[in-house]
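Please open the model in your viewer and keep the selection tool at hand, since each stop below says what to select and then what is there.

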Amino acid sequence: MAALIAENFRFLSLFFKSKDVMIFNGLVALGTVGSEELFSVVAFHCPCSPARNYIYGLAAIGVPALALFLIGVIWNNHTWNLVAECHKRGTKNFSAAATFLLFGSIMGRAAVAPVTWSVISLLRGEAYICALSEFVKPSSLDKFPAEYGAEVLARFPCRDVPANLTKFRDEVTRRLRYESQLFGWLLIGIVAVMVFLTKCLKHCCSPLSYRQEAYWAQYRSNEDKLFRRTAEVHSRILAANNVKHFFGFVALDKEEKELVQEFPVEGVQPSPQWNAITGVYIYRENKGFPLYSRLHKWAKGVEGNGPTPEGHELLFLAS
């Protein structure tokens, strides 16, 4: 039971993987701020019509946030690693808590841009004022003329109101902007607390020392860069060989000729090898030695993804 609890807590490390991710998340947030500012200036125009204001205001906050969230899910490598894992091996190697936290990692990172969008929208207040101006109770406004109702209140965001209602428009705008900014600051506070607690749990529950975790992050980065670079060269040479086989010659530039001469490619990797290095990876040790990736495990000839008599899982997900 203790081992199972430790396993589930260690998966909390999914949410943060390296300083590079924090920098990337910061850049995503800054890009989202700029996009929101541009959207507010160019595209946001409140209809100032009863029933339409509410839908338009919520759509201005929610629809871009939803789109950014889906883009974040699509761009996350964990998403497709999880799809490959489920397709090839199922989820038999993961507990329910581990699977939940893996989804949490994907959702958490995808939420950076939509949360930023929502926060900036709330702090600006324009969409919130547009959505809720018609719902302000006239009775809450001191000496508000009885002949005016929701239709006039809905026009407040557009400043298209009779002169005698200008002071009421300013009061409604100020009140709704206060509420909007309050919700924005509360959202910032909640997110900050969640990030802090997750970061603390991550460091407390990590099975790796700080130095080994830093080394692992460097290894993953270097392996990914070298794999992509080598795959690009390998595919180019293989394509050149196939084109030459078809036409009898291949038109290569000087750099490509040097690559073909330096790195002869005889064939392609079989599908079982690609499947072996694709999918979600759980950090494991074999006979006391760490295996830092699926490629590393394949190179060492270690089979399976579950615990074996020769090794044991530390249940720390590769990011």
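Begin by selecting helix 3 and helix 6, which pack with their axes 8 Å apart at an angle of about 160°; here an axis is a line fitted to C-alpha atoms, for helices over the stretch in contact, and angles between N-to-C directions run from 0 to 180 degrees. Helices and strands are DSSP runs numbered from the N terminus, a helix being H or I over at least four residues and a strand being E over at least two. The two helices are therefore roughly antiparallel to each other, on a scale where angles under 35 degrees count as roughly parallel, over 145 as roughly antiparallel, 65 to 115 as roughly perpendicular, and the rest as oblique. Their crossing is right-handed, a crossing being right-handed if the near helix is turned clockwise from the far one by less than a right angle, and left-handed if anticlockwise.

Before going further, please note that this is a predicted model, in which local features need pLDDT of at least 70 and side-chain atom pairs count only at pLDDT 80 or more, while totals for chains, interfaces and linings use all residues. Residues are numbered from 1 along each chain as its sequence is written, and side-chain values use heavy atoms, with hydrogens and water left out.

Now show the side chains between these two helices: Ala60, Ile61, Pro64, Ala65, Leu68 and Phe69 of helix 3 meet Ala113, Pro114, Trp117, Ser118, Ser121 and Leu122 of helix 6, where contact means heavy atoms within 4.5 Å.

**Along helix 3**

Select residues 52–75, the 24 residues of helix 3, whose end C-alpha atoms are 34 Å apart, in agreement with the 34 Å expected at 1.5 Å a residue; the expected span is 1.5 Å times one less than the number of residues. Centre the view on Ala59, where helix 3 has a kink of about 35°, the bend at a residue being the angle between axes fitted to the seven residues ending there and the seven starting there. The buried residues of helix 3 are Asn53, Gly57, Ala60, Ile61, Pro64, Ala65 and Val73, with buried meaning under 20% relative accessible area, exposed over 50%, and partly exposed in between (1.4 Å probe, protein chains only).

Step back to Cys48, in the loop between helix 2 (19–42) and helix 3. Cys48 has a phi near 55°, a positive value in a residue other than glycine, and at 12% relative accessibility Cys48 counts as buried.

**Helix 6 and its other partner**

Is helix 6 largely enclosed by the rest of the structure, or what else do its residues show when coloured by burial? Ten of its 13 residues are buried, so helix 6 is largely enclosed by the rest of the structure; among them are Val112, Thr116, Trp117 and Ile120. Just after helix 6, select Gly125, which takes a positive phi of about 85°.

Add helix 9 (residues 166–205) to the view: its axis and that of helix 6 (residues 112–124) come within 7 Å and cross at roughly 150°. That makes helix 6 roughly antiparallel to helix 9, and the crossing is left-handed. The contact involves residues including Val115, Val119, Leu123 and Arg124 of helix 6 and Arg177, Phe183, Trp185 and Val191 of helix 9.

**Two residues on helix 9**

Select Leu186 in helix 9, which at 47% relative accessibility counts as partly exposed. Leu186 and Val119 are 67 residues apart in sequence, yet 9.3 Å apart in space, C-alpha to C-alpha.

Move next to Arg175, also in helix 9, which counts as partly exposed at 27% relative accessibility. Leaving out residues up to four places away in sequence, Arg175 touches Val136, Ser140 and Leu141.

**Helices 10 and 11, and a strand loop**

Select helix 10 (residues 210–247) with helix 11 (residues 254–262), whose axes come within 10 Å and cross at roughly 90°; the two are therefore roughly perpendicular to each other. Here Val233, Arg236, Ile237 and Ala240 of helix 10 meet Glu256, Leu259 and Val260 of helix 11.

Finish at Lys287, in the loop between strand 1 (282–286) and strand 2 (289–291). Lys287 also has a positive phi, near 55°, and counts as exposed at 62% relative accessibility.
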